[in-house]
Amino acid sequence: MSSVRSGGAGDGGAGDGEAAGHRGGDGAAAGDRTPAGNSAATTLPCARLTARQAIAAVADTYSETAVPDGRGTPSGTPSGTPSGASSAPDGPLGWRGYDDARARARERTGEDESVVTALATIGGRETVVLSFEFRYLGGSLGERTGDRLEAAYTHAREHGLPVVSLIATGGSRMQEGMRALTQLQRVARQSALNRAAGLPQLAVLRDPTTGGGWATLGAAADVILALPGAQVGFAGSRVRPPDADPAAYIAEGQLAAGQIDAVVPPDRLRATLQRWLQLLGTPREFHVEAVEPAPPPDALGAPELPETGWGAVARARAPGRPRAEAYLRAYFDDWEEISGDRCGGVDPGMRCGFGHRAGRTLAFAAQCGTATRPAGFRTAARLVRLADRLGIPVLTLVDTPGAANDAAAERAGAGAAIADTFAALATARVPVTSLLIGEGGSGGALALAAPDRLWATPDSYFSVIAPELAAAILKRDTTQIHETADQLRIRPTDLLDLGVIRGIVPPA
């Protein structure tokens, strides 16, 4: 096969699903093949499920929704008589054999389109579910698919429901040409309208999730989960460069690149979706003045306040001092985490997610004591904006010697990432509560500190610059580090006197 450039719209419309559609859907579905990067012995039972089996695998109960089967035609219309723009013989392009291909797909699958939409309960939460049938022309998106997806998003919006997408698609249907490709604009608009309405969207990436299905339903979701080994990428396997690294096109590779939140084994998928919907799926009336802020956590370290500036630094840098993990465990009853900045990066030193505390959902972004990388700032900004859209108050835990300043961090846009985090906190409508639990290293720490709602623990400090660097720059004498630390007034008591923090939290 000749090399095809990846990344263009045409490439996304020529993936595995379209190839199956081009053959009239008679080829094997991707779930029946070994996913890229997996051994032949690997089995992915959930990836091979039909659209309805996939819904049943995650839902308590469900019923198919009444959706249009064409332009304004109810789903009760006989499947052999598609309506609207798709009613012309062999579709809008007059693609010879297209009607026969659809007839064979209907006979094989029992479906009259590549997506099934349903109203389901998952963990007791009512949800709109979109599930793709890959055996129907490779799960490709055509005009009637767009009709169904638009109706489902509209139903979710009218009833204030979250949307869960169970995706298995190769992209846009080639036999419908540009009429199919423009369905991506319809889907993107509907997703944006639901986002603006404050309704969460979750995606489960089955095998494969490529082309426009990945670039709209998948990548645009608030929380993105994937099955192990699933093919995930804009370019389907038939249009990738011949020398492309296959690891970049599977779920695990996308997780490492910060593009998805988690790879979830099939036997844990239902429970994971239930937890996410319990956290995000509760209907909320968004009134800023009615959103109660997250209370600051209790201090977990020693209660004594440091007597000197350098003493504060030493205590904050002590290896045994409680870190983010300890605070999260003490504060939340349970939680789920998001991962990645959606720009190619993951920072293990920044933990973000949503948790339950005393019966309500709170969001958190927590520095873990390492220098925060650009991916960490972007992930935190993503978390704050998602929480703000859903009307969920935010807790941030500040603990970093500063922003990473190596060459790789600069090339990754450290300045822009920090600026974006400042902007996310500054413009959040929901209350943001911040607790300084260790080192407060300059702007890298301040970016995660809520204006006017910052507390500190006794074993913390906040400084415009590390005392060692201040001594080297201002005094050209490293022997004056201790004196400089006192002059900078970085102790919790100093921060309180200066009006930088609202208070020093005591131990429980």
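**View 1. Leu383 and its contacts in the predicted model.** In this predicted model, Leu383 is in contact with Ile338, Cys352, Gly353, Phe354, Ala363, Phe364, Ala365 and Val394, leaving aside its neighbours within four places in sequence. Leu383 is also one of the residues with the most contacts inside the largest nonpolar core, along with Leu273, Trp276 and Phe354. That core has 55 residues, and helix α13 gives the most to it, with seven residues.

**View 2. Another nonpolar core.** Apart from the largest core lies another, of 27 residues. Look here for Phe134, Ala221, Val232 and Ile260, which are among its members.

**View 3. The two sides of helix α15.** Ala414, Ala417, Ile418, Thr421, Ala424 and Leu425 are the buried residues to find in α15. Seen down the helix axis, the buried residues fall within an arc of 120°, so they line one face of α15. They pack against α13 (374-390), α14 (407-411), β13 (432-441) and α16 (442-446). Turn to the face away from the buried side and you will meet the exposed residues Ala416, Ala426 and Thr427. As for length, α15 covers residues 414-427, and at 1.5 Å a residue its 14 residues should span 20 Å; the end C-alpha atoms are 20 Å apart, which agrees.

**View 4. Asp90, a buried charge in a loop.** Asp90 sits in the loop between β1 (61-64) and α4 (98-109). Asp90 is buried yet has no salt bridge. Which side chain of opposite charge is nearest to Asp90? That is Arg102, 6.1 Å away. Not counting residues up to four places away in sequence, Asp90 touches Trp95, Arg96, Gly97, Tyr98 and Asp99.

Conventions. Residues are numbered from 1 along each chain as its sequence is written. This is a predicted model: local features need pLDDT of at least 70, side-chain atom pairs count only at pLDDT 80 or more; totals for chains, interfaces and linings use all residues. Side-chain values use heavy atoms; hydrogens and water are left out. Helices (H or I, at least four residues) and strands (E, at least two) are DSSP runs, numbered from the N terminus. The expected span of a helix is 1.5 Å times one less than its number of residues. Buried means under 20% relative accessible area, exposed over 50%, partly exposed in between (1.4 Å probe, protein chains only). The arc is that of the directions from the helix axis to the C-beta atoms. Contact means heavy atoms within 4.5 Å. A nonpolar core is a set of buried Ala, Val, Leu, Ile, Met, Phe, Trp, Tyr and Cys residues joined through side-chain atoms within 4.5 Å. Lys and Arg count as positive and Asp and Glu as negative; His and the chain ends are not counted. A salt bridge is a side-chain nitrogen of Lys or Arg within 4 Å of a carboxyl oxygen of Asp or Glu.
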